[in-house]
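Grab a viewer and work through these exercises at your own pace. Try each task before you read its solution.

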Amino acid sequence: MPRQQYQVVADELRAKIESGEWSAGTRLPSRSQLCKQYGVSDTVVGKAMMLLRATGLTETLEGVGVYVADRK
């Protein structure tokens, strides 16, 4: 069964976090930037972001942005 678009986006973002390319405190690109980068809708990016937040990889500061969570 093929992976959903949001899973592909979430996996690529997770890989950047887990590899250390994006360290704790790094601000992720905006939703609109991610939509353009991956060629997907805002809904797809939103689901990917929810998945990352649910697994504790990111934290959202309302009105500010999404950041890589400190996992220490």
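The exercises below deal with a predicted model, and each one comes with a worked solution.

**Exercise 1. The core**

Task: Find which residues have the most contacts inside the largest nonpolar core, and which element supplies the largest share of this core.

Solution:
- Start with the core itself: it has 18 residues, and Val 9, Leu 13 and Met 49 are those with the most contacts inside it.
- Next, see where the core residues come from. At least two each are supplied by helix 1 (5-18), helix 2 (31-38), helix 3 (42-54) and strand 2 (65-68).
- Helix 3 gives the largest share, with 5 residues.
- Now zoom in on Val 9. Skip its neighbours within four places in sequence, and you're left with contacts to Tyr 38, Val 40, Val 44 and Ala 48.
- For background, nonpolar side chains tend to be buried together in soluble globular proteins.

**Exercise 2. The salt bridges**

Task: Work out how many salt bridges the whole structure holds, and which residues they join into one network.

Solution:
- A search of the whole structure turns up 3 salt bridges.
- Take Asp 11 to begin with. Its side chain meets that of Arg 3 in a salt bridge, at 2.2 Å from N to O.
- Asp 11 also has a salt bridge with Arg 14, where the closest N and O atoms are 2.6 Å apart. Those two both sit in helix 1, 3 residues apart, which is about one turn of the helix.
- Then move to Asp 42 and Arg 31, whose side chains meet in a salt bridge at 3.1 Å, N to O. Asp 42 belongs to helix 3 and Arg 31 to helix 2, so this pair ties together parts that are 11 residues apart in sequence.
- Check accessibility for that pair: Asp 42 is partly exposed at 41% relative accessibility, and Arg 31 is partly exposed too, at 39%.
- Finally, look for shared partners. Arg 3, Asp 11 and Arg 14 are joined into one network by salt bridges that share partners.

**Exercise 3. An arginine and a threonine**

Task: Decide for Arg 14 and for Thr 43: buried or exposed?

Solution:
- Arg 14 is in helix 1. The cut-off for buried is under 20% relative accessible area, and Arg 14 comes in at 19%, so it counts as buried.
- What is packed against Arg 14? Beyond its neighbours within four places in sequence, it is in contact with Leu 51, Leu 52 and Leu 57.
- Its salt-bridge partner Asp 11 has 28% relative accessibility, so Asp 11 counts as partly exposed.
- Thr 43 is in helix 3. Exposed means over 50%, and Thr 43 has a relative accessible area of 57%, so it is exposed.
- One distance to check in your viewer: the C-alpha atoms of Thr 43 and Arg 31 are separated by 9.6 Å, with the two residues 12 apart along the chain.

**Exercise 4. The hairpin**

Task: Describe how strand 1 and strand 2 run, and how many bridges join them.

Solution:
- Strand 1 covers residues 58-61, and 4 bridges join it to strand 2; the two run antiparallel.
- Pick out two pairings: Leu 61 has Gly 65 of strand 2 as its bridge partner, and Thr 58 stands opposite Val 68 in that strand.
- Go to the turn. The two strands make a hairpin with 3 residues between them, and Gly 63 in the turn has a positive phi of about 80°.
- Look along strand 2: Gly 65 and Tyr 67 point one way, Val 66 and Val 68 the other, and all are buried. That fits the general pattern, in which side chains of a regular strand alternate between the two faces of the sheet.

**Exercise 5. The pocket**

Task: Say which residues lie nearest the centre of the largest pocket.

Solution:
- The volume of the largest pocket is about 220 Å³.
- Its lining has 14 residues, and nearest its centre lie Arg 31, Met 49, Thr 60, Gly 65 and Val 66.
- By element, helix 3, strand 1 and strand 2 each supply at least two residues of that lining.
- Tie this back to the earlier exercises: Met 49 is among the residues with the most contacts in the largest nonpolar core, and Arg 31 is the salt-bridge partner of Asp 42.

Key: Residues are numbered from 1 along each chain as its sequence is written. This is a predicted model: local features need pLDDT of at least 70, side-chain atom pairs count only at pLDDT 80 or more; totals for chains, interfaces and linings use all residues. Side-chain values use heavy atoms; hydrogens and water are left out. A nonpolar core is a set of buried Ala, Val, Leu, Ile, Met, Phe, Trp, Tyr and Cys residues joined through side-chain atoms within 4.5 Å. Buried means under 20% relative accessible area, exposed over 50%, partly exposed in between (1.4 Å probe, protein chains only). Helices (H or I, at least four residues) and strands (E, at least two) are DSSP runs, numbered from the N terminus. Contact means heavy atoms within 4.5 Å. A salt bridge is a side-chain nitrogen of Lys or Arg within 4 Å of a carboxyl oxygen of Asp or Glu. Two strands pair if DSSP finds at least two bridges between them. On a 1 Å grid over the protein atoms alone, a cavity is a set of points where a 1.4 Å probe fits but cannot get out, and a pocket is an open set with protein on both sides within 12 Å along at least five of seven lines; lining residues have an atom within 4 Å of a point. Grid points are joined across faces, edges and corners, and a volume is the space filled by probe spheres set on the points.
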